Amino acid sequence: MRKNILVVIIILKTLGSSAQYINSIGITGGISLGNEKFYLSDPLSISKKKYVLGYNGSIFVEFFNGDYARWVSEIQYNQKGSKDKQSEGNYSNKLNYICWNNYLKLRYELYRIIPYVLFGPRLEYNLTQKTSSPAIIGKFNSFQLSFAVGSGVEFISYGNVKFFTEAFYNPDLLMAYNSSQLKIKNKNIEIRIGLKYQFGNKKETCNTPTYVE
C-alpha cells in the first residue's frame with residue numbers, strides 16, 4: 001500500500017510543477033477487453049487466449065494550447081487478463097493495474113467536432129491478480145511497460161465542459177509474466193467516454209463564425 005501511495009504522490013507532484021501549462025483536466029471511464037498470449041517452453045508453442053471483459057477509469061491533465069498538438073498525462077485504473085479455454089474447463093485470469101500514461105495528442109478542429117489521435121507509453125503497476133490457469137503458478141511482474149495508440153472525438157460545446165469518446169489498442173512491450181516454463185504478454189482494447197474542464201476562454205469554446213459588415 002505504501003508503494004502505491006508513493007507512486008501516486010510522485011506523479012501528482014510532477015504534474016503540479018507544470019501547472020502553468022495546463023489546458024484542461026478531466027475524467028474517463030469505460031470497458032476493457034483483455035487478451036493474453038502464452039509462450040510455452042515445453043512443448044515450444046504460443047497459445048492465444050480469449051477476450052475477457054474488464055473496466056477502466058482515469059483522471060488526466062492536458063497540457064499546452066496548440067491548435068494541432070498537445071500532451072496528455074493521466075493516472076488510470078485498468079483491468080487486463082484473458083479467458084483460458086481448456087478441454088477440462090475454462091479458466092479466468094484477471095489483473096488489476098494502476099497506470100501512468102503519457103500521450104502525444106494530434107488534433108484537427110472542425111465545425112462541430114474535433115477528431116484526434118493519441119499515442120505514447122504507459123508505465124503500469126500490478127495491484128492484484130486473480131488467476132486460475134494451471135500454468136500460472138507465480139506472480140505477474142510488479143512493473144510493466146506498454147504502448148498505447150488510440151483515436152477520439154471531442155464534441156464542440158459553448159461552455160468550458162467538453163464531452164468526448166476514445167478507443168485504444170494497448171499491447172505490452174515487455175513480458176508481464178516470466179517463469180522457466182511460461183511467459184505471458186497482455187493486450188487490451190479499451191473503449192471509454194469522458195468529460196474535461198477546459199480552463200480559460202479557448203477558441204474552440206465557440207466555433208460560430210463572425211461576420212463583419
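Me: Two strands pair if DSSP finds at least two bridges between them, so what makes β1 and β3 a pair, and in which sense do they run?

Reply: Twelve bridges join strand β1 (residues 22–41) to strand β3 (residues 52–63), and because at least two are required, the two strands count as paired. They run antiparallel, with Gly29 standing opposite Gly57 in β3. A strand here is a DSSP run of E with at least two residues, numbered from the N terminus. This is a predicted model, where local features need pLDDT of at least 70 and side-chain atom pairs count only at pLDDT 80 or more, while totals for chains, interfaces and linings use all residues. Residues are numbered from 1 along each chain as its sequence is written, and side-chain values use heavy atoms, leaving out hydrogens and water.

Me: How do you know that β3 and β4 pair?

Reply: Eight bridges link β3 to strand β4 (residues 69–86) in the antiparallel sense, so the requirement is met here as well. Phe60 stands opposite Glu74 in β4, and the two strands form a hairpin with five residues between them, where Phe64 in the turn has a positive phi of about 75 degrees.

Me: Why are Phe38, Leu95 and Cys99 said to belong to a nonpolar core?

Reply: A nonpolar core is a set of buried Ala, Val, Leu, Ile, Met, Phe, Trp, Tyr and Cys residues joined through side-chain atoms within 4.5 Å, where buried means under 20% relative accessible area, exposed over 50% and partly exposed in between (1.4 Å probe, protein chains only). These three are among the ten residues of the largest such core, so they satisfy that definition. Its largest share, three residues, comes from β5.

Note on methods
Helix = DSSP H or I, 4+ residues; strand = E, 2+ residues; numbered from the N terminus.
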